[in-house]
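Let's take a walk through the inside of a protein model. Have the sequence and the 3D view ready, and follow along as we go.

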Amino acid sequence: MKLGIVAVGQRMPDWAQTAYDDYAKRFPPELRVEIRTVKTEPRGSKTLETLLAAERARIEAQIPRGTRVVVLDERGTNLTTMALAARLKAWQLEGDDVALVIGGPDGLEPAFRQAAHERIRLSDMTLPHALARVLLIEQLYRAWSVNANHPYHRE
């Protein structure tokens, strides 16, 4: 199983990149997480629909066919760490590659969001995109640690 994060926005502050890299390197060889970033569409005089459609095309270009698409959405399912661990285990047992998608400053195109296999949220609060990446990779690592009986997570 391949686990990927597709994120709109290419620049991350150094602190966020350092934190992301720290968690990413902790995963075992059989469950590596790969991040793919896509360019944010310049606003200019474009409508929101045009902007989101352009970002959607870039996102879809980064997701191989047959991949389970899970979008991060403020209206998505709220998961506990244990529930995320169960989802991760199910994805692994199904053998599906998974792409977790983080939208840009304006979110994701509504049709893309609705077409996703799953919609989850990280928090009831609005998060900066750099922090969302760090929080997502940490929670994925924590979910893996639960499933592997690693002492990182404590109940």
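## The main core

The largest nonpolar core has 31 residues, and Leu3, Ile5, Phe27, Leu100, Ile137 and Leu140 are the ones that touch the most other members. Lots of pieces of the chain chip in: strand E1 (3-8), helix H1 (14-24), strand E3 (68-78), helix H3 (81-94), strand E4 (98-102) and helix H5 (129-147) each bring at least two residues to this core. The top contributor is H5, with nine residues. Keep in mind that you're looking at a predicted model. As a bit of background, nonpolar side chains in soluble globular proteins tend to be buried together.

Now zoom in on Leu100. Which residues is Leu100 in contact with, leaving aside its neighbours within four places in sequence? They are Leu3, Gly4, Ile5, Val6, Val70, Leu72, Trp91, Ile120, Leu136 and Leu140. Apart from the largest core lies another one, made of twelve residues, including Val69, Val71, Val101 and Phe112.

## Aromatic company

The model has four aromatic pairs. Take Tyr23 and Tyr141: their ring centres are 6.3 Å apart and their planes are at 50°, so this pair counts as tilted. Tyr23 belongs to helix H1 and Tyr141 to helix H5, so to speak two distant parts of the chain, 118 residues apart, linked by the pair.

Are these two tyrosines, Tyr23 and Tyr141, buried or exposed? The cut-off for buried is under 20% relative accessible area. Tyr23 has 16%, so Tyr23 is buried. Tyr141 has 5%, so Tyr141 is buried too.

Tyr23 and Tyr141 also belong to one aromatic cluster, together with Phe27, Trp144 and Tyr152. Tyr141 has a charged visitor as well: the charged end of Arg26 sits over the ring of Tyr141, 5.5 Å from the ring's centre.

## The largest pocket

How do you find empty space in a model? Rolling a probe the size of a water molecule over the atoms shows where such space is left. Here, the largest pocket holds about 500 Å³ of space. It is lined by 22 residues, and the closest to the pocket's centre are Leu72, Asp73, Glu74, Leu127 and His129.

Which elements supply at least two residues of this lining? They are E3, strand E5 (118-121) and H5. E3 gives the most to the lining, with four residues.

Key:
Residues are numbered from 1 along each chain as its sequence is written. This is a predicted model: local features need pLDDT of at least 70, side-chain atom pairs count only at pLDDT 80 or more; totals for chains, interfaces and linings use all residues. Side-chain values use heavy atoms; hydrogens and water are left out. A nonpolar core is a set of buried Ala, Val, Leu, Ile, Met, Phe, Trp, Tyr and Cys residues joined through side-chain atoms within 4.5 Å. Buried means under 20% relative accessible area, exposed over 50%, partly exposed in between (1.4 Å probe, protein chains only). Contact means heavy atoms within 4.5 Å. Rings of Phe, Tyr and Trp (its six-membered ring) pair if their centres lie within 6.5 Å; planes under 30 degrees apart count as stacked, over 60 as edge-to-face and the rest as tilted. A charge sits over a ring if NZ of Lys or CZ of Arg is within 6 Å of the ring centre and within 35 degrees of the ring normal. On a 1 Å grid over the protein atoms alone, a cavity is a set of points where a 1.4 Å probe fits but cannot get out, and a pocket is an open set with protein on both sides within 12 Å along at least five of seven lines; lining residues have an atom within 4 Å of a point. Grid points are joined across faces, edges and corners, and a volume is the space filled by probe spheres set on the points.
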